[in-house]
Amino acid sequence: MRIPVVAANWKMFKTTHEALAYVRELGSLVKGFSGVEIVVAPPFTALLTAAEAARNTPIGIAAQNMSAEKEGAFTGEVSATMIKDAGATYVILGHSERRKLFGETDELVNRKVHAALAAELVPIVCVGETLEERDAGRTLEVLDRQVRDGLAGLSAEQVAGLIIAYEPVWAIGTGRNATPEQADEAHRHIRTRLREWFGEAAADGCRIQYGGSVKPDNIGALIALPDVDGALVGGASLQVNSFFDIIRGALAR
Ligand code: PGA
C-alpha cells in the first residue's frame with residue numbers, strides 16, 4: 001500500500017519569518033499524524049529555517065528546483081548537496097513553470113533526477129500536458145515522452161522510491177482542476193508505462209501525485225482514485241489552514 005504524499009509548493013512566496021511561522025503552526029496541527037507524508041517546499045532562502053522548524057514533526061522539506069551540476073562556476077545555481085545540507089530531503093524537478101519560463105527540457109530534468117538521487121534526495125518529477133496538447137489529443141503521448149526521458153537510466157529501485165506529480169498545465173493556478181475522470185486516465189496511464197518500462201515493483205512503489213488547483217473541496221474526489229497517491233498543492237498551500245484541510249482530506253484514502 002502506497003502512503004499518500006501531500007506537498008506544498010510555495011513557489012516564490014514567503015520570507016524566512018513567514019516560513020518559520022507557517023511550519024511551526026503546521027507542525028503543531030499535524031503532531032502525531034501518520035498515514036500521510038507531509039512535505040513543504042519553501043524557496044531556497046527559507047529551506048534551513050523551515051527544516052529547523054520541522055525537526056521532530058512529521059513534516060519533510062523539499063527544494064523547488066536544483067542544479068544538475070555538482071559544483072563549480074554556475075552563478076546563481078544551487079546544488080543537491082547544498083539543498084541536502086540545508087535540511088531538505090525532497091526536491092521538485094521539472095515543474096511546468098521551470099519548463100515554460102526557464103526552458104528546462106526532459107534531458108535536463110533527467111540529469112537533475114540523477115543528481116538528486118546521487119545526493120539521496122527524493123525527486124518529485126513533474127509532468128503534464130498543456131491545453132493545446134490536450135485539445136490536440138496528445139496528452140498520453142506527451143506524458144510518455146516526459147516520463148520516459150525524465151526517468152531514463154534509472155533502476156527499478158530508484159523509480160520505486162521517487163514521486164511523479166501529474167500536473168496538467170492548464171489546471172495550474174487557474175482554479176480549473178482536472179476532473180476525476182481525466183486524472184484517473186492520466187495516472188493509470190503513467191502507472192501502466194512504469195510497469196512496462198521498469199517492472200511491477202517500480203510501478204507499485206512509485207507515488208503519483210495529482211497537482212493543479214487542488215483545494216480542500218476537491219481533494220476527496222481525487223484521492224479516492226486508486227492511482228492518485230497524494231497532491232502537489234500551490235495556491236491552496238499558502239495558508240496553513242487550507243493546506244491542513246487538504247492533508248486531512250488525503251488521510252481519507
Ligand atoms: P496550484 O499549483 O495548486 O496553484 O494550481 C500547483 C503547482 O504548480 O504545483
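**Exercise 1.** Sort the residues lining the largest pocket into nonpolar, polar and charged.

*Solution.* Step one: the lining has seven nonpolar, five polar and three charged residues (Ala, Val, Leu, Ile, Met, Phe, Trp, Tyr, Cys and Pro are nonpolar, Asp, Glu, Lys and Arg charged, the others, including Gly, polar). A pocket is an open set of points on a 1 Å grid over the protein atoms alone, where a 1.4 Å probe fits, with protein on both sides within 12 Å along at least five of seven lines; lining residues have an atom within 4 Å of a point. Step two: helix α4 (residues 96-102) gives the largest share of that lining, four residues.

Mind the ground rules: this is a predicted model, with local features needing pLDDT (confidence per residue, 0 to 100) of at least 70, side-chain atom pairs counting only at 80 or more, and totals for chains, interfaces and linings using all residues. Numbering runs from 1 along each chain as its sequence is written, and side-chain values use heavy atoms, without hydrogens and water.

**Exercise 2.** Work out why strand β7 (residues 207-211) is largely enclosed.

*Solution.* Step one: five of its five residues are buried, so the rest of the structure largely encloses β7 (buried is under 20% relative accessible area, 1.4 Å probe, protein chains only; strands are DSSP E runs of at least two residues, helices H or I runs of at least four, numbered from the N terminus). Step two, check both faces: R207, Q209 and G211 are buried on one side, I208 and Y210 on the other.

**Exercise 3.** Find the strands bridged to β7.

*Solution.* Step one: β6 (residues 163-166) runs parallel to β7, joined by four bridges, with Y166 partnering Y210. Step two: β8 (residues 230-233) is also parallel to β7, with two bridges; there G211 partners L232.

Technical notes
Buried < 20%, exposed > 50% of the residue type's maximum accessible area, 1.4 Å probe, protein only. Pairing = 2+ DSSP bridges.
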